[in-house]
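Dear colleague,

I am passing on a structure that you have not worked with before, and below it you will find some notes on how a few of its helices pack. Please keep it open beside you as you read.

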Amino acid sequence: MITAKGLTKLYDGKHGIRNIDLYVRKGSTFGFLGKNGSGKTTTIKILIGLLKPDSGIASVGGYDVSSDPMPVRRMIGYLPETVGLYEYLTAFDTLDYTARLHRIKAGDRKERIEHILKDLDLYDSRNIKIGNFSKGMRQKLALGRALINDPDVLFLDEPTSGLDPQASRNIEALIKDLKKEGKTVFITSHILSEVEKMCDSVSILKEGTIRASGSMADIKAKYSSPSILVRVSGAPLNAEKAAGILVSIGAEQVEVLDDCVSLKTGRPEELMPAVNRALLEANIPVVELKRMEPALEDVYFKVMEE
Ligand SMILES: Nc1ncnc2c1ncn2[C@@H]1O[C@H](COP(=O)(O)OP(=O)(O)OP(=O)(O)O)[C@@H](O)[C@H]1O
């Protein structure tokens, strides 16, 4: 649905993006990760036709973004990183204004706007001026604006940035619903736990180039490994003691976390009986012993270190 080949855009011969290749499957949710200034917004702006690349090609829904921008514009919705809303307009009028810009017919406009306001849980606030809206309400309304033309593809630049946990969770749920409706969603975010829950695949940018890409499962398998978590009683002394014992039986990357010891291993099932046995022999009571899956955060920091 979204493809990019060799996208390069340098602002001053140095900063920007270099040779970006992307592929986002129709109906999937894609996470685009990277530090501040790594080039996420630049890439999004090129993909939606707001910025011309120095070289490379991008297409959305099979249409070349540079040479065929109109069908691309019709099929996309964009939530910018910085949301600009008119403070003196109401929520309804904000969406009405955007609907008119999209030339949505007068007869369809009211129904479409009300449908979106209900979906976003903003219907009761439809006649309130934006100047009185909280940050979470503004973000939801901006998302509503991006949805007004019922786009097949959504580009969301940091959709939950600066929101409280409840507002973030609401946006997250909305994004999951969009995926269920079959929409393709391209998200940038610094909140890795959210990306992990929402996205099917990710690319990680560093200094303008992609350093890692793949499905969530593939990228975790490539850049991280599962771990074993052992909770012992009698912490902290026993936890420290347990860590020493685990190192002595050949465990790697052993870490003490309060009353738990974590160790990374590519073969947790094989190692778990040996861990249990060694701690029992040392008279350290094991309260819990379980396999932990790698987190996207582990992958991200590993890629950043390389
Ligand atoms: N209009 C511009 N003129 C000059 N340099 C720019 C411009 N826009 C972006 N840059 C530079 O290009 C690089 C990439 O910026 P970009 O905004 O794409 O990063 P980002 O990953 O979206 O960052 P953030 O996470 O902070 O939003 C940065 O070094 C930035 O300073």
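**Helix packing in the model**

Helix α8, which spans residues 216-223, has I219, K220 and Y223 as its buried residues. These cover an arc of only 100° around the axis, and therefore they sit on the same side of α8. Please bear in mind throughout that this is a predicted model.

What do the buried residues of α8 pack against? Their partners are β9 (201-206), β10 (209-215) and α11 (296-305).

Taking the helical partner further, the axes of α8 and α11 come within 9 Å and cross at roughly 55°, which makes α8 oblique to α11. The crossing of these two helices is left-handed, and in their contact I219, K220 and Y223 from α8 meet V299, K302 and V303 from α11. Sorted by class, the residues of that contact are 4 nonpolar and 2 charged, with no polar ones.

A second pair is formed by helix α5 (residues 135-147) and helix α6 (residues 165-180), whose axes come within 10 Å and cross at roughly 15°. Because angles under 35 degrees count as roughly parallel, α5 and α6 are described as roughly parallel to each other. Here α5 passes α6 in a right-handed crossing, and the residues that meet are G136, Q139, K140 and L143 in α5 with A167, I171 and L174 in α6. The contact of α5 with α6 divides into 4 nonpolar, 2 polar and 1 charged residues.

With best regards

Key
Residues are numbered from 1 along each chain as its sequence is written. This is a predicted model: local features need pLDDT of at least 70, side-chain atom pairs count only at pLDDT 80 or more; totals for chains, interfaces and linings use all residues. Axes are lines fitted to C-alpha atoms, for helices over the stretch in contact, and angles run from 0 to 180 degrees between N-to-C directions. Helices (H or I, at least four residues) and strands (E, at least two) are DSSP runs, numbered from the N terminus. Angles under 35 degrees count as roughly parallel, over 145 as roughly antiparallel, 65 to 115 as roughly perpendicular and the rest as oblique. A crossing is left-handed if the near helix is turned anticlockwise from the far one by less than a right angle, and right-handed if clockwise. Two residues are in contact if their C-beta atoms, placed from the backbone, lie within 7 Å. Ala, Val, Leu, Ile, Met, Phe, Trp, Tyr, Cys and Pro count as nonpolar, Asp, Glu, Lys and Arg as charged, and the others, Gly among them, as polar. A residue is buried if 20 or more other C-beta atoms lie within 10 Å of its own, exposed if 12 or fewer, and partly exposed in between; C-beta atoms are placed from the backbone. The arc is that of the directions from the helix axis to the C-beta atoms.
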